[in-house]
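Biologist: I am new to this structure and would like a close look at a single part of it. Could you take me through chain B, and how its pieces meet each other and the neighbouring chain?

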Amino acid sequence: MSDRTIDRVAQATPERVARKIRGLSDRAIAWIFISPTIFLLLAINIFPLIWTIQLSFTNYKANRIGREVKDVGLRNYERILTDSDTWLNMQATAHFLFWTIFFQVLIGFTLAWLINKKFKGNDLWTTIIVLPMMLSPAVVGNFWKFLYQPQIGLFNYIVSWFTGKDPSSFEMLGSVTLAPWAIVIVDTWMWTPFVMLICLAGLRSIPDYIYEAAEIDRASKLRQFFTITIPMVLPFLMLAVLFRGIENFKMFDLVVQLTGGGPGSVTELTSINLKREAFEKWRTGYASAYAIILFVTVFGLASIYVKALNKVKQR
Amino acid sequence: MTYTKLASTSAIVLAATTLSTKANAEDLTLCWAAWDPANALVELSKEFEAESGHTMNFEFVPWPNFADRMLNELNSGGKLCDLLIGDSQWIGGGAENGHYVQLNEFFDAEGISMDDFAPATVYAYSTWPKGTPNYYALPAMGDANGWFYRKDWFENPEIQAAYKEATGQDLREPQSQKELLQIAQFFQGREIDGKTVYGAAIFTERGSEGITMGVTGALYPWGFKYENTPGSYDMEGAVNSPEAVEALEFYKEFYKTATPPGYTNSYMGESLDAFKSGQVAMAMNWFAFFPGLYADPNTGGDKIDFFVNPPQNQAGSTLGGQGISVVSYSDKQDAALEYIKWFAQPEVQAKWWELGGYSAHNSVLEDPGFVDSQPFAGDFLEAMGGVQDFWQEPAYAELLLAMQKRIHDYVVADQGTAQEALDLLIEDWTEVFEDEGKL
């Protein structure tokens, strides 16, 4: 008797089942195997998406079950796109997105470059630096809320030590001009280590012989950095930007904990506004249209970005 | 009958009675906000458990999440709560969306009369449509937004002299909104016992209902109205009247000149913390917290006193408080109704007040000893005489969130003018009422 795995599996298959699948093509068997996954995808991704699109053309409210649902055509879309508050939310999101990514890439890459230099305590520093991203956003939000407290917060005291200003003379979370920066600082503190780790992986993937060859050719350190390090780490960096961009576009928990969208609406990111529309005001149809607009925006931007990423990789 | 037969018969009867009681006993769940009066209700309900054989369970949710949690529960037809002490503004939605059981027949059958309760509380907590004899709740907890202050500071001769010198007036409980601001500004940044203190803690919270509940404490005394004619949804000239604009500007000035630094997103908890930590001279909050404040070993007792929200053009306080309703999705409605019947009894209501709950029953409120029973009892009665509530429409959440945004944008975030904020609020509310088919 053969001892091959395939034979053992064949022998273990009950005769009734074996009879049924005997004669099936490889393609049919492949479909049988992937059908549960396809079914799950349809049930939890595609169906809700189609349903959301359908709801976005109605005045449906999930908390008013008995209420007549009317087809309102493109009215929800029109309302959202002509509402000046929507554009203020978009601006707040864009500000948050741009500056968090900018600082995280800048600081993350610098840290990775420093950590990549062999020095004593290298591993310990890496562990310390990655600690913030291991914390829950709710914890980080509360923790920084205390740090930003104008009367007892450490952050204000540190700033006052450097600037000589009275610690309680400025409010990081209460000021219209400072609050958008306050949330950028916290997100940067929390997620820079993630960018650093990805950059570190990129830096460590560059073979030493390339630098050795450059040394032989008498290329300066600066030249090596711009012609070897940056181009070879770029795909990794772009991947980090993609991850952080998608994550921060849907940022909710951290900012809700810190400012709740305030003061006024200056830190009300689109995800916070969407949650308010959908689950506080219960304007389900309107919120569905809002979600579709956001989905198209993210999907469109991400597609363009991924194409650019692939081009960089092919270089 | 022999002794043996008698004993056997007694044992069988006893066993049957016990089994029958067990068979009817239910596990009831009462849902409410997590705050001081909820603890008093747990204590009070022990008597109901002893009398009825039912077991009471409680689901208390912190205030900032209370509306979200409970409205989601109701909207999804959840069976978590058999009884719900829901906010007064939910009554419209509770009735129209079929979340609450209508109680008229039950009240008639059990002889429970709404005339036995304070009219303002029946109107606000029980009726829908407003003022009609259609009852969806029994008034459970009367409440209004009031004030408390550091009596020891107000009575300090040095501080009194400084106030007199600064304003030419005597330091006393404020008799008007403007005097309230003047006193708060006097205390702002003052050194007392070697510590910098501030004027007052007011509501500025953005996420749920905080700043709306705070600003209406100024709007109502100035004469703010939601509609020109009740029921007409005609808001132009009422919501943005010159008085309303002045009141809103007043609230902003109060926030800017008389509150502690960083007080940009504060509600009940922050107000209590600011007062108990000796940070502020005065604070606004719901009467429900007053028994706990009075009992506080550090800032209660002789150091604290209370006053009703001061009038300006008229008397006016923001209504709080809730009614108790039976949730229509509950499988234990009979036992839940039994609880309401028990709770409506005058002696239970008297004990409710004694334990720290605010009864709305006339037998308690009209008792000759009521005013002197607690240092804040008289203020509570006065406040309940001049309360006004927010919209109680089924779309109240949309109306509330629109106001939260417009007021916070103006008061805290310095965007636009008071007139613009109220004009935009009318636009938002008009859109909501148009969607509702009421305009």
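Modeller: What follows goes through the domains, a pair of strands, the contact between chains and the nonpolar core.

This is a predicted model, in which local features need pLDDT of at least 70 and side-chain atom pairs count only at pLDDT 80 or more, while totals for chains, interfaces and linings use all residues. Residues are numbered from 1 along each chain as its sequence is written, and chains are lettered from A and ligands numbered from 1 in the order in which they are written.

Chain B is divided into domain 1 (27-143 + 320-388) and domain 2 (145-318 + 395-435), with bounds that come from an automatic or database domain assignment. The centres of these two domains of chain B, taken over C-alpha atoms, are separated by 27 Å. Across their boundary, 24 residues of domain 1 of chain B are in contact with 24 residues of domain 2 of chain B, where contact means that C-beta atoms, placed from the backbone, lie within 7 Å. On the domain 1 side, helix 18 of chain B gives the most, with four residues; helices here are DSSP runs of H or I with at least four residues, and strands are runs of E with at least two, numbered from the N terminus. By class, that side has 12 nonpolar, eight polar and four charged residues, with Ala, Val, Leu, Ile, Met, Phe, Trp, Tyr, Cys and Pro counted as nonpolar, Asp, Glu, Lys and Arg as charged, and the others, Gly among them, as polar.

Strand 1 (residues 27-33) and strand 2 (residues 55-61) of chain B run parallel and are joined by seven bridges, given that strands pair if DSSP finds at least two bridges between them. One such link sets B:Leu30 of chain B opposite its bridge partner B:Phe58 in strand 2.

Turning to the neighbouring chain, the contact takes 21 residues from chain B and 24 residues from chain A. Helix 19 of chain B supplies the largest share of the chain B side, six residues, and by class this side has six nonpolar, eight polar and seven charged residues.

Finally, the largest nonpolar core has 176 residues, and those with the most contacts inside it are A:Cys199, B:Leu83, B:Ala184 and B:Ala283. Such a core is a set of buried Ala, Val, Leu, Ile, Met, Phe, Trp, Tyr and Cys residues joined through C-beta atoms within 7 Å, buried meaning that 20 or more other C-beta atoms lie within 10 Å of a residue's own.

How values were computed
Two residues are in contact if their C-beta atoms, placed from the backbone, lie within 7 Å. A residue is buried if 20 or more other C-beta atoms lie within 10 Å of its own, exposed if 12 or fewer, and partly exposed in between; C-beta atoms are placed from the backbone.
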